[in-house]
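The following exercises concern a sheet and a helix pair. Each task is followed by a solution in steps.

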Amino acid sequence: MTRDPSSVAAQDRSSAADLCLQARQLSKHFDTPAGSVPVLQQVDLEARSGDALAITGPSGSGKSTLLHLLGTLDQPSSGSLLFDDLDPFELPEQELARFRNAVVGFVFQDHHLLPQYSLLENVLLPTLAFPRDVEGDAEARARQLLERVGLSHRLDHRPSQLSGGERQRTAIARALIRSPRVLLCDEPTGNLDEDTADAVANLLFELHEQENTLLMVITHSPELAARFPRRLALVGGRLEETAVDGARGDSDG
Amino acid sequence: MAEASSGSAASRSAASKVSPLGRSLRHYRRRHLAVAAGAAIASAVLAGALLVGDSVRYSLQALTLDRLGAVDRVLAAEGFLDEDLGARLLAEPQVAAAFPASAGALVMPSSVTAAESGALASNVTLLGVGDDFLELYPLDRRPEGLSFDELPRELSEELGGQRLLFPPVVLNAQLAAELGVGPGDEVLFAFTRFSEVPRASLMGRKGAADVVQKVRLSVVRVIEDRGPGAFSLSPHQGAPRLAFVSRSRLQRVLDQRAKINLLMLAGDSFDAPPVALEGGVLDAALRRHLTLEDLSLRVESRLPPEAPSSYVSVESARFLLPDAVREAVDEIAEESGAEVWPSLSYLANRIRRVEAAAEDSSVPYSSIVAVELPPEGKGSAAAPFGSLPTANGPVRQLEPGEVLLNRWAADELGAEIGEELELTYFAVGEDENLVEDSVRLRLGAVVELEGLAADPALTPEFPGISGSEDIADWDPPFELDLGAIRPQDEEYWDRYRGTPKAYVELGTGQELWRSRFGALTAIRLAPTGGTADLEGLAEILRKDLLTTVDLDPFGLSFEPARQKGLEASRGATDFGQLFVAFSWFLIVAAALLVGLLFRLGVEERAKEVGLLRALGFPARQVRRQFLVEGLVVATAGALVGLIGAVVYGWAMVWALSTWWRPAVGSSRLELSVTPTALLIGLIAALVVVSLTLWFAVRRLGTVETPRLLAGVSEKAAGAKGGSGAWSRRFAVLAGLAAFSLGALATLQPAMASAGLFFGIGALVLIAGLTSTSAWMKGRQGKALALRPGSGSLFTLALGNAARNSGRSVLAMTLVACASFVLVLVASNRRVPGGEMLERTSGAGGFALIATTDAPLFQDLTNPDDRFDLGLRPETEAALEGLEVFALRRRPGDDASCLNLYQPEDPTLLGVPRSLRQRGGFTFQAIDPSGLKTNTEASSQAEASSQAIDPREVSASGDIENPWSLLDVDLPRTPDGVPVVPAIADFETARWILKVGIGEQLTVEDARGNPVHLQFVALLSSSIFQSEVLVAEEALLEYFPGVEGFTTFLVGPPGDGPQSGTIGSEGADAFSASQVIGARLESDLVDFGFDSETTAQRLATFKAVQNTYLSTFQTLGGLGLLLGTLGLAVVLLRNVHERRGELAVMRAFGFSPSRLRKVVLLENILLLLLGLALGCIAALLAAAPYLLGSSHQFPWMAVAMTLGSVFVVGSIACYLATTRALRSELVPALRSL
């Protein structure tokens, strides 16, 4: 099965031909001097564009590991991961990077903004990986995204001059600059106070709707999870579907 | 399409907006500053080292130009030339265009004694010059107000103005200082008296008074050692010892009016490169202006009635005609169709009938001529030289082994045809003494004393004999037995003068009496067209001889002195390479520091790497980005480092002309900053730094992105290949290899070479480092076994050191390697001691080595000769029973490490057979192929070449005497160039002459033809580092002009211990030898006898090596300090990373001082481990030296270096820890 990875990315974002993410029997264990430690066991998951999922679970349950696998940052020990028909792990390293660049957007608990760059530059950073793949005016989009996250007045500020919430909003803008089909967030509000966390969550949902992404959020905040129509829990390395609501979380929920 | 292009344009603008490089550089500037500093050090050290090389070259070149002034070509004649030869040459437009000026000089190698103090200076050049010599130098180099044409006869006003007793002489500062004399003092010069007749021939005068001429002079002025005051044609950086007198004065002293022996042609500028002149132009011009007298040749035409026939004779004032003349005459004769009749005259001390009773009938002192029968000619030119008449017509045949007597001699002896006669004559012995020899020949015919046979001119002029009234008035150079001369002999002399009394066949005569100076004494030529052409033939000969004869044997060819000097000034030793080698540790330390700092910087930015990877940047691109960043920083640093290079170069040059002066023997070094050196240094530094940077970012790609995002820059433990499995395997392998080599060295002592021990040391070092690495990696996955108790602090420290094993091992490696090299180098330092008196030592069992300026023809072991030399009784007594060897020396360039110039034409020493048979010395290498061709000892040689490694042969095994290799007949090269076996010192061959065993060095023989010297054996650390050794016979064959002996080896007094250990007796032997040396110096002062003990000479050579070692140690020590700084950086980083962890421990109640102890202990552990590993490995590697007897291990210096490293390292640790632990507790806790 060899498909051009950019074909997944190149599909018309507005079309109804949604992307389908399928994880089958994903397992992951880590080798340590003390032996092999299983983290994920035969996780199955299917999600489409427009879906919004929250994955909860206690500390050490493997939430981040799952996110890293789904974001192709890490390889599963067994099982398969398909984006439509494409198995990203079969791609050579360079193409895998290109796939990640085009298809997946990350928001980390720790914002990971680079201190040497301004906000605008931080947002533009992903467009530099494969400049030729970038369509349209990247800078205009960056400004637009920053405006949408409410930071248009601080374009030239450095991350160190921002508050925690502002940093995380910048990180969200950065995650969306390449219009990814999948937006993966690892505890996006974990380091934020309640009000700021709410604002960031609202922003996420808002942008998710506008961009029609597959939004997947890992959190151990029940409040945040409750706002997602589809909720899953990682228990003992296994993923369980806990709720599928028809509705999506409200901004005031 | 349009969209796509607009898209990429937009992204370009985005890219320009986000300029990662500029931002990173600015943001991380403090971190980058450290990296740049490392790169700066690397480029400063590299370019600086190259600058040292260029400076030495530049200084040597400047020195050469300073000494030569405008001198370009020189003509150094063995005899004397007309003073106006230069003017005549410059009258030729082509020559004048190239060389606007010339100067003539008289050059006499001399030795000088200060009249008052008796201080002696040998190897002095006495120059008779005029003001034309001064004009070859720039105005600012000419001593003010000095005129050699008119040297004042009184001192200057400031010095009192007193009148000088003796003719004035000007000394250069070097000579004046060595003699301890100044203006007004008297000095006594002794130099070799000029002798046209070779001293080593029958007619040469060899008595002490004949060899040495002395002149007493008054010093009128001392001039600086620069410009004319440093004039020298030999490439050596040491200031020459010069004395100047006016040319006309020296001409009078030498009795050579209007003569010179050195002609200098000058170019038109003082700093110009050598003048390029089409080959042959100068040579042709020279031939046009030379005279036959310059070649010591006489061409005379003679006619009847004075002569028996019309002929032209060619004879030489040197008595013997060089072979080159014979060749030229033959050529001319062939062209002009003249008949040639060569002859060789000799003197028979006695001719007697073998069957007669002892002395009753013998004829004393007879001239004999060896000839072929005169050519018969044809037609009108029949018998052009006449013929040897007998009672029965001309002699028709002259067989080898036959002798003809003239009527007078035959009657005197009463000899009959067919009878055996004995001819007794002087032969020149191996040591150039005359020894009586005799030959028995059959009387073939009796020649009547008429016609050709009555021609006294058949015997050329014997110097000291020919002009005498009576035989009793003869003043021959040998002892005359006046008692043997009878009245009838005087009568014969009165009547027939030197008319030969006997004739032998030419071949027979040449076999008996030819010498290396020639095989003929006269050549007669007769025109085939009758007497009318006689003058024409003489004219042709006078002209054509000068254009045809090979001038090289006469020393009459212009040498490109400027070109040779400048070529030699490129230097034998490339100090650039040397200092790069000496500085390598600094360079490596700087590079490692760069790598370490950069890697720390990259690790600190692990999250950035992780993010970029998560954003879809390919690993390669991330690596490249970091690499480019590093390179920009390093380039900037390296560029700044070039300023440091100039400083480093200056410091090294300064150190070389002060502290490390023994290495260069000159304080006249100047820094020369050349763009090439800077550029090469810069590029080299960048290459080194780029490699380290690449190494530092290389591993980034292998770390999993999630770990990077978490800020971890090392691979997960437990991943494959981790936990030190490879390190452990490597350690085991290295350890096993070291052990087996050690076992080999113990079980097979013959195999225990220095190389083997070095291998053991290096393997132990590797094993130590890798096992430490393996151990640390192994610890990472294990529990700390931390229990309350006394050892817990230590356990904690151990665990901490192992925490970041890569860094710890890197820092430790740096320290271990540095101490390994430093200790190893220090162990190489040696001083020669009493063991020098052993025969297998570098001194070969000799206590003294001496040289003379004037050759000695006397044997110092022969009482008669000692009497002739006028040795004092106490000197005689001291010499009694001593081993003394006299060697011939062909002067040339000093080939030892004491000479910075590249020797083009090394000094050659002829090793006499007796010394070759005696053997001795130790050889570093002998050529096994040379052994195989040695027919004398082939079976032995084959056995030995199988049993021992040819490269590591010790002469202590009595398998073979490598000196006999000098006797090997080596085949000529296909193009006919002779190959002569030679021996040199290993160091000289390797570093200065740059030849190995079995390789060849080409020199020019006295005739200017190439001779290959093939190195058949190389001596180990010997006293012969300044010269190349060949067999005496070979030296004389190719350099017949070498006469007498100028180098002496004297054995130790007493029983002359040849083996066994010598401790304090060795020192006694040396001081006793010094006394003998001093006595000989004062007794043979006229010869310039200059002795030193072999220990002194070796110490002089060793001083150079030891200085190099000091240099290396100093720079290596600096590198080690830099390495220690690297260690401190690692520590700072570790403490910084762990400040959260340390804060937690503080929060739990650990006191800061206790924590500091943990951290200090951990780092001191690393430091100590590194130092100990390096030292142990180095001591193992140096075991052969340390166990040997002549080592002088500088324990103190090494301990100081290593100690200071330990102290600096500990202080750095302390400061870093204190600083880290002083930080605020709460923010530190947050950083966890």
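Two strands pair if DSSP finds at least two bridges between them. The model used throughout is predicted.

**Exercise 1.** Determine which residue of β8(A) is the bridge partner of A:I55.

*Solution.* Step 1: strand β3 of chain A covers residues 52–56, and strand β8 of chain A covers residues 230–235. Step 2: these two strands are joined by four bridges, and their pairing is parallel. Step 3: within β8(A), the partner of A:I55 is A:L232.

**Exercise 2.** Describe the open sheet of chain A, its edge strands and the packing of helix α6.

*Solution.* Step 1: six strands follow the order β5-β6-β7-β3-β8-β9 in chain A, and their pairing is mixed. Step 2: β5 (104–107) and β9 (238–244) of chain A each pair on one side only, which makes them the edge strands. Step 3: from one strand to the next, the twist averages 20°. Step 4: helix α6 (residues 164–176) of chain A packs on the sheet and touches β5 and β6 (182–186) of chain A. The direction of this helix makes about 170° with that of β5(A).

**Exercise 3.** Classify the relative orientation of α18(B) and α27(B), and characterise their contact.

*Solution.* Step 1: the axes of α18 (residues 584–604) and α27 (residues 805–826) of chain B come within 11 Å and cross at roughly 175°. Step 2: angles over 145 degrees count as roughly antiparallel, and α18(B) and α27(B) are therefore roughly antiparallel to each other. Step 3: B:F585, B:A589, B:L592 and B:L596 of α18(B) meet B:L810, B:L814, B:A818 and B:V821 of α27(B). Step 4: the residues of this contact comprise eight nonpolar, no polar and no charged.

How values were computed:
Residues are numbered from 1 along each chain as its sequence is written. Chains are lettered from A and ligands numbered from 1 in the order in which they are written. This is a predicted model: local features need pLDDT of at least 70, side-chain atom pairs count only at pLDDT 80 or more; totals for chains, interfaces and linings use all residues. Axes are lines fitted to C-alpha atoms, for helices over the stretch in contact, and angles run from 0 to 180 degrees between N-to-C directions. Two residues are in contact if their C-beta atoms, placed from the backbone, lie within 7 Å. Angles under 35 degrees count as roughly parallel, over 145 as roughly antiparallel, 65 to 115 as roughly perpendicular and the rest as oblique. Ala, Val, Leu, Ile, Met, Phe, Trp, Tyr, Cys and Pro count as nonpolar, Asp, Glu, Lys and Arg as charged, and the others, Gly among them, as polar.
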